[in-house]
Amino acid sequence: MAEQESLEFGKADFVLLDQVTMEEFMENLKLRFEKGRIYTYIGEVVVSVNPYKQMDLYGKDTIEQYRGRELYERPPHLYAVADAAYKAMKRRAKDTCIVISGESGAGKTEASKYIMQYIAAITNPTQRAEVERVKNVLLKSNCVLESFGNAKTNRNDNSSRFGKYMDINFDFKGDPTGGHINNYLLEKSRILQQQPGERNFHAFYQLLLGASDALLDLLYLGRDPEAYRFTREGARNNYSGSDRANHKAVEVAMKVIGFSPEEMDSIYKILAAILHLGNVCFVTAEDAMKVENDHLVSYLAELTSTEAGSLLNTLLYRAVAAGGGEVIHKAHSINEANYARDACAKAFYERLFCWIVARINKVIEVKNYDARLHGKNTVIGVLDIYGFEIFDTNSFEQFCINYCNEKLQQLFIELILRQEQAEYQREGIEWQHIEYFNNQIIVDLVEEPHKGIVAILDEACLTAGKVTDALFLDSMNNRLGKHPHYTSRKISPTDKSMEFGRDFRIKHYAGEAMYSVEGFLDKNKDTLFQDFKRLMYNSADPVLREMWPEGKQSITEVTKRPLTAATLFKNSMVALVGNLASKEPYYVRCIKPNDQKSPCLFDEERCRHQVSYLGLLENLRVRRAGFAYRQPYDRFLLRYKMTCEYTWPNHLMATDREATQALMEQRGFQDDVAYGQTKIFIRTPRTLFCLELERAQLIPIIVLLLQKAWRGALARKRCRYLRAVYTIMNYFKRYKVKSYLLELVQSFQAVRSMPDYGKSVAWPEPPAVLVPFQENSKLIFRRWHARQIVKNIPPSDMEQIKAKVAALDVLQGLRKHWGCGRSWGRNYLMSGKPPPPGPSLEKFLHLGPGFYGNLKAFYKICCPLLFPGSSLLPFALPSGAFLFSPTWSQGNGILLACCELHSAQETGSKAPMWAGGPRSRSCARWLQSHVQPKQKSSPSHTVRHSQHPGLEKGEEPQEPRETGSSGHQVNHCNKSADRALLITDQHLYKMEPRKQYRVMTSIPLQMVTGVSVTSGVDQLVVFHTKNHHGLMVCLHKMRPVNDNRVGELVGVLVDHFRRAKLELRVQVADCIQLSLKGRKRLVTVETTTDAEAQPNFVKSRDGFILYSPRR
């Protein structure tokens, strides 16, 4: 049984209908069609309704769903039948066949293509090249055969006008190794004439509309199908776009199959010859007949590679053998010439089609196959053959087609009954006789020797003299008049639907069909004069020679009469049925829902008629006789064991049969079942539906249970996995940590003995967990490295180092030039040079060329007076500024002292004034009184920095500077003058160097809030105070000339303030804001081009501008 679908889609298997009636059958079929379910089962038979639209049912995903599945495990589908046939062939080494039947337009050709695609998709998993070649040829052969064997009819745009049976050979592994195609009853009469609205075979229109202009010129053809008699009717129904595309597809397919370019050219020439042959007309002139359009004869001769004279004689004359080996050429009448022309055209196309089939068979035949080496060669047959055709006018072709369907229906019923009876006997179930219609009587009506219609028709064709179709009908009336399935107007005079002397009716199992005897004799004889056969055999084209082997016979040679078309078809049907009977059959019954080719319309009367003649109800009755459903015990338990406590989850009984019996007895169904050897048989579908309903209710509970168990198993598995992962991670982390620490120890083991104490040693790459550890280790190492360096620094250099570090903190990145590369000294007594002769005291206290020597002499005189009993720590700087750091018991000292040395000549003095002159003595007394502590317990004063700033902006009016002095002062009128600067640990002093360094201003350091400098090379320094009385100075007259002492001044102050735990803001800016007596002023610096000029302050609009020489 098929996988249960929702009841809204109807029943997926007709076996499960409550009652076997035509009404219920049609109602279920219509419901499934409207719901988009085009496939339904009758047991193992698939009923297919043509949807007339593309449906997403045939992709790779769908193929995987049906691969290896049983029929009842998935919804009905063509793939399920194809897979069942393939599994039977592969598992049991049993030849199988799939019979596809139905009327024109029901979807037989598409069904056969989908079955072929499925078999190709599931075979050859190892991609063997030879197997792939065979598969490609088998698939591409459909394209070629459709082009030459299909045509547009009023019922179907791609109707197969021939029957096709394809055998596919498989090796022991289930891979296709070859195949063979048989074709039956090509409708060659379509070459001459088509019904209104229909077309000739596709190949003609594809050639005319799809071939290149060069090829058409070579074939003497145009693109208009109306120009040719054989394609004129179908010219109004062209599909030029699809014809062009299909022509290219056919060319590609023929190349894949293996047709050579010469063979393809021959095929196109034969098609062109048929078209030209249909336009040949005969006329009578002067008691002789001739061809009206002579140029067509030359075209035909060139296309068939024959002589034009021989071809013309064949069209106009017939060679007749007289006695004694004499040959007489008899001229045709116009009717005879037209008949011969048409017969030649039909024979041309039929033999071309048969040659193409034979050429494909030659390519796909099994080669070099030895059963002893390669195992048994099994076969799957696919039969795509026409269904019953009952038209308004039915002729010889419809008679043969309907006879074929009678034979297949007989085989279908026999095989179904045989399979049912064999299964019942095999399972030990009592067989019950099944009533059904046996159509053997109709088959005998057609094929019975000496009595059947075919025998009577052959007899009429062999009768000497003039025999007409009417005489043939009279013969049938006389012999078959009492047959219950035969009638005519003569036998039933009251039936006016038939005409006297023309019509007869056969009551087929699918319904009554009325046939017209007109043309029966001619079509059965299928006469073709021997002259055409000999002409084509003598053609220079090897393909044509191969198509006409009987042309080799001499005209005087006596031969057997050839078999008639009806006899040939009857023999082929008998062979086909015998071939199918030897295989295990699977069936696909195709139904056409409407004649309008609409995907929405379901014509009940039309479908009812097809259900009748396809014998679907008979098939259903046979399947439902006795038991509607059967299944092996193991699969039955697998599906329904959850409905019984004795079988869930697994039974403990001896056999599956006992477990199945316990399940059915617990549910109360023991009276509706029978138990076979390997299967359970259920009589009514209602029992099965009850089991399915209970199963559907239990499935969600079981699913939840399985999900719970599975999720728990996954969680436990993941937990074990994570534990293992963490264990591995821990061991790996330990290994990485140990490896890292060992490498670290080895790298830094000897850093104490290195000149740089390990600064150049590369740190190893740490694991992620030790990245913080390495950062901390680097910090510790840097501190240790700094400690090692600091230990080697003399104590006398520590003050300078601390000051430089302080300057570095506040100036790095803001001011490029701040004197970090030179030494910052405080004791210059031992390193100074003697001053030039004759400097004045004013010049001496300024930074001049003799600054070193003069300052050294100055301190020799002043220090004993200022700091009695103190000792000096030398700290030399290569500059004109000195850092005084006298130390004594009280710790008194000068932060920074700077002065400028002037020459005596500049001030008019004739002797230096550092040896106890009035100014030096005045300075010394001032320093002693202000800096030296009066008591030991009083706060100490240390001189930190002294400097002659050169230019200064002050808030007090000063005397005008002397003429000829190197500097100048600024009074309240914004005049500038030279000043000396002295910084101790308590105060900042501004002194007048020309008046024995008299203190002009004293600013407590605790009043200083900040220092501002610029980012350039100038020596501008601005002091900011709490009372908004700022001080602006520019250091100059230093030695060397370009010495930079701004950084030293800033560093000393910052270091001192940090030690005193005071805040000092240092600002680096090119535009400095200054408060003078509470008024905001801006100070900027501009560079002059004169390198010899001295720096000078100039009043600006909003402040001052310092013009500094380029350094």
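# Exercises on a predicted model

Glycine 197 sits in the loop that connects β7 to α6 (202–210). The exercises below concern this residue, several others, one pocket and the confidence of the model, which is predicted.

## Exercise 1. Glycine 197

Determine the exposure class of glycine 197 and its spatial relation to asparagine 154.

*Solution.* Step one takes the accessibility. Glycine 197 has a relative accessibility of 24% and therefore counts as partly exposed, since that class lies between the limits of 20% and 50%. Step two takes the separation. Along the sequence, glycine 197 and asparagine 154 are 43 residues apart, while their C-alpha atoms are 6.3 Å apart in space.

## Exercise 2. Two aspartates

Locate aspartate 175 and aspartate 83, classify each as buried or exposed, and describe their surroundings.

*Solution.* Begin with aspartate 175, which belongs to the loop between β6 (163–170) and β7 (176–184). Its relative accessibility is 4%, so aspartate 175 is buried. The side chain of aspartate 175 makes a polar contact of 3.0 Å with the side chain of arginine 128. Beyond four places in sequence, the contacts of aspartate 175 include Thr123, Asn124, Pro125 and Val131, together with Asn169 and Phe170.

Turn next to aspartate 83, a residue of helix α3. Because its relative accessible area is 2%, aspartate 83 is buried. Once residues up to four places away in sequence are set aside, aspartate 83 touches Tyr66, Arg67, Gly68, Arg69, Tyr118 and Ile122. Leucine 71 is 12 residues from aspartate 83 along the chain, and the two C-alpha atoms are separated by 8.4 Å.

## Exercise 3. Isoleucine 270

Identify the helix that holds isoleucine 270, and state which residues isoleucine 270 touches beyond four places in sequence.

*Solution.* The helix is α9, residues 261–278. With a relative accessibility of 3%, isoleucine 270 falls under the 20% limit and so counts as buried. Outside the excluded neighbours, isoleucine 270 touches Phe348, Leu352, Leu544 and Met547. Threonine 304 is 34 residues away along the chain, with a C-alpha separation of 7.1 Å from isoleucine 270.

## Exercise 4. The second largest pocket

Give the volume of the second largest pocket, and analyse its lining by element and by residue class.

*Solution.* The volume is about 1300 Å³. The lining comprises 44 residues, and those nearest the pocket centre are Glu44, Arg92, Glu584, Tyr586 and Lys679. Elements that supply two or more lining residues are β1 (39–42), α3 (78–92), α14 (396–427), β16 (584–591), α23 (616–624) and β17 (629–632). The greatest contribution is that of α14, with 8 residues. By class, the lining holds 21 nonpolar, 5 polar and 18 charged residues.

## Exercise 5. The whole chain and its confidence

Summarise the chain, and state where pLDDT is under 50 over residues 897–928 and 954–972 what contacts the model contains.

*Solution.* The chain has 33 helices and 35 strands. Of its 1111 residues, 53% are buried. Among contacts between residues at least 6 apart in sequence, 67% link residues at least 24 apart. The mean pLDDT is 80, and 83% of residues reach 70 or more.

For residues 897–928, pLDDT stays under 50, and the model has 127 contacts beyond four places in sequence. For residues 954–972, pLDDT is also below 50, with 60 contacts beyond near neighbours in sequence. Where pLDDT is low, predicted coordinates should not be read in detail.

Terms used. Residues are numbered from 1 along each chain as its sequence is written. Side-chain values use heavy atoms; hydrogens and water are left out. On a 1 Å grid over the protein atoms alone, a cavity is a set of points where a 1.4 Å probe fits but cannot get out, and a pocket is an open set with protein on both sides within 12 Å along at least five of seven lines; lining residues have an atom within 4 Å of a point. Grid points are joined across faces, edges and corners, and a volume is the space filled by probe spheres set on the points. Helices (H or I, at least four residues) and strands (E, at least two) are DSSP runs, numbered from the N terminus. Ala, Val, Leu, Ile, Met, Phe, Trp, Tyr, Cys and Pro count as nonpolar, Asp, Glu, Lys and Arg as charged, and the others, Gly among them, as polar. Buried means under 20% relative accessible area, exposed over 50%, partly exposed in between (1.4 Å probe, protein chains only). A polar contact is a pair of N or O atoms within 3.5 Å; within protein, one must be able to donate a hydrogen and the other to accept it, and residues adjacent in sequence count only if both atoms are side-chain atoms. Contact means heavy atoms within 4.5 Å. pLDDT is the predictor's confidence in each residue, from 0 to 100.
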